[in-house]
Amino acid sequence: MPYIRLSGFYFFYFALLGAMIPYWSLYLKSLDFDAKTIGYLMATLHLSRIFAPALWGWIADKTGQRLRVIRVGSFLTWVVFIAMFWQESAIGIALVMLGYSFFWNAVLPQFEVVTLNHLGSQQAKYSRVRLWGSIGFIFAVLLVGYALDYISVSWVPNILFILMFLIWLNSLLIPEVKKPMVDESSQSHKFMDIILKPHIMAFFVITLLVQFSHGPYYTFFSLMMQKLEYTRAEIGMLWSLGVVAEIVVFIFMHTMIAKIGLRLIMLLSLALCVVRWTVLAFWPENLLLVILAQLLHAATFGSLHAVGISLVHCYFPEKMQGRGQALFSSVGFGVGGTAGAVAAGLLWDSYGSMMTFSVAAVVSLVAIVLAYVWVHPEKVQQN
């Protein structure tokens, strides 16, 4: 298994997220946009996830050219982003974000399939490869945060461009997966028949609600901390703290899945979502509690993401893995992420951070109920 090359792709991909998610809102704020506009622009980043992963997933499954899809998507990401250097209006920035993210958001779901195919029967070790994405996120968020205390926030687009270029270069190093041809006649269930099953529909609704609840965090956490007079380096440290905890979870996730199962991990992680957003709603000025909330990122993102990837692999047959992972990304990060960012933007100026994060906590409670009733992966595996 090409461990280093697979891990390298995750490293650069999530380093891009580490440079973007905490600091893009600061860059937009430096252009004098208000909270509503920033919310809409951050939503644009997620918008293409609604349809792009599904489209590219369908192309990859039908053609079998999954790596080509990854390479073309990575290439066009940085090519389209070049136009960002001439944008100052909200409409111009939104169009460029929508353009490059159409290709960027198509890449990761297909790479997840490539990674799982390389792992073969050792798919429980997925988290050992994926953790390098978390390391890349920490590397970027700390380095960029430290740098922005000394250089202008206007440098953020340059940093993002360099990371996009490195993602494309790394994609050229990934080898094809040699797998036997799958007999399509053996796939008795059509894709729509599978996703319309109640337990799978519930799973995707849970995925949507989880990402919706993260909307205020991804959009306004950095601005909230900056308003509380934290430096950009300190904000970067708070972001990276959560990802350090996430790495620990990824290291031990295969053991956790084997011992306590996907269902219990999901239920516990959703409960910790409620705790995390409640803390940020009512005690954002308490540093110790904010540190606790950041450590809970291990559950609210790390374990829920690993469980989601595993459930998609459990629910969908091999020939539909690309579309299954793409739908997981589209519904969660696409619909959920877009709605969460827009809702956060609308709530933030009018009702403040307390109400915005409280809504996130309530949404997580709804997800717990759905998971308790519908998520029983062991029954699916037995059928």
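The legends below describe close-up views of a predicted model.

**View 1. Helix α3 and the helices that its buried residues pack against.**
The 13 residues of α3 should span 18 Å at 1.5 Å a residue, and the end C-alpha atoms of the helix are 18 Å apart, which agrees with that expectation. Buried positions in α3 are Ala 35, Ile 38, Gly 39, Leu 41, Met 42, Ala 43, Thr 44, Leu 45 and His 46. An α-helix has 3.6 residues a turn, so residues three or four places apart point the same way. The partners against which the buried residues of α3 pack are α1, α2, α6, α11 and α15.

**View 2. Phe 220 of helix α11 and its contacts.**
Phe 220, which lies in helix α11, counts as buried because its relative accessibility is 1%, under the 20% limit. Leaving aside residues up to four places away in sequence, Phe 220 touches Ala 35, Ile 38 and Gly 39, and also Ala 344, Gly 345 and Trp 348. Of these residues, Ala 35, Ile 38 and Gly 39 are among the buried residues of α3. Between the C-alpha atoms of Phe 220 and Leu 47, which are 173 residues apart along the chain, the separation is 18 Å.

**View 3. Val 342 of helix α15 beside Tyr 40.**
Val 342 is a residue of helix α15, and with a relative accessible area of 23% it is partly exposed, because this value lies between the limits of 20% for buried and 50% for exposed. Although Val 342 and Tyr 40 are 302 residues apart along the chain, their C-alpha atoms are separated by 5.5 Å. When residues up to four places away in sequence are not counted, Val 342 touches Gly 39, Tyr 40 and Ala 43, and Gly 39 and Ala 43 are among the residues that are buried in α3.

**View 4. The packing of helix α12 with helix α13.**
Helix α12, made up of residues 232–282, packs with helix α13, residues 287–295, at an angle of about 145°, and the axes of the two helices are 6 Å apart. On the side of α12 the contact is made by Leu 238, Trp 239, Leu 241, Gly 242, Ala 245, Arg 276, Val 279 and Leu 280, and on the side of α13 by Leu 287, Leu 289, Val 290, Ile 291, Ala 293, Gln 294 and Leu 295. By residue class, the contact of α12 with α13 comprises 12 nonpolar residues, two polar and one charged. Leu 288 is also found in helix α13, and it counts as exposed because its relative accessibility of 68% is over 50%. The C-alpha atoms of Leu 288 and Ile 70, which are 218 residues apart along the chain, are separated by 41 Å.

**View 5. The largest cavity and its lining.**
Three cavities of 30 Å³ or more are held within the structure, and the largest has a volume of about 400 Å³. Its lining consists of 28 residues, of which Phe 14, Leu 17, Arg 49, Phe 301 and Phe 333 are the closest to the centre of the cavity. Two or more residues of this lining come from each of α1 (3–20), α3 (35–47), α6 (90–119), α7 (126–147), α11 (215–227), α12, α14 (297–315) and α15 (321–374). The lining of the largest cavity divides into 16 nonpolar, eight polar and four charged residues.

**View 6. The second largest cavity and its lining.**
The second largest cavity has a volume of about 120 Å³. Among the 13 residues that line this cavity, Thr 207, Val 210, Leu 304, His 305 and Phe 328 are the closest to its centre. The elements that contribute two or more residues to the lining are α10 (198–213), α14 and α15. Eight nonpolar and five polar residues, with no charged residue, form the lining of the second largest cavity.

**View 7. Asp 32 and Glu 229, residues other than glycine with positive phi.**
Asp 32, in the loop between α2 (24–30) and α3, has a phi near 70°, a positive value in a residue other than glycine. With a relative accessibility of 71%, Asp 32 counts as exposed. Glu 229 is placed in the loop between α11 and α12, and its phi, near 75°, is likewise positive in a residue other than glycine. Glu 229 counts as exposed at 72% relative accessibility.

Terms used:
Residues are numbered from 1 along each chain as its sequence is written. This is a predicted model: local features need pLDDT of at least 70, side-chain atom pairs count only at pLDDT 80 or more; totals for chains, interfaces and linings use all residues. Side-chain values use heavy atoms; hydrogens and water are left out. Axes are lines fitted to C-alpha atoms, for helices over the stretch in contact, and angles run from 0 to 180 degrees between N-to-C directions. Helices (H or I, at least four residues) and strands (E, at least two) are DSSP runs, numbered from the N terminus. Contact means heavy atoms within 4.5 Å. Ala, Val, Leu, Ile, Met, Phe, Trp, Tyr, Cys and Pro count as nonpolar, Asp, Glu, Lys and Arg as charged, and the others, Gly among them, as polar. On a 1 Å grid over the protein atoms alone, a cavity is a set of points where a 1.4 Å probe fits but cannot get out, and a pocket is an open set with protein on both sides within 12 Å along at least five of seven lines; lining residues have an atom within 4 Å of a point. Grid points are joined across faces, edges and corners, and a volume is the space filled by probe spheres set on the points. Buried means under 20% relative accessible area, exposed over 50%, partly exposed in between (1.4 Å probe, protein chains only). The expected span of a helix is 1.5 Å times one less than its number of residues.
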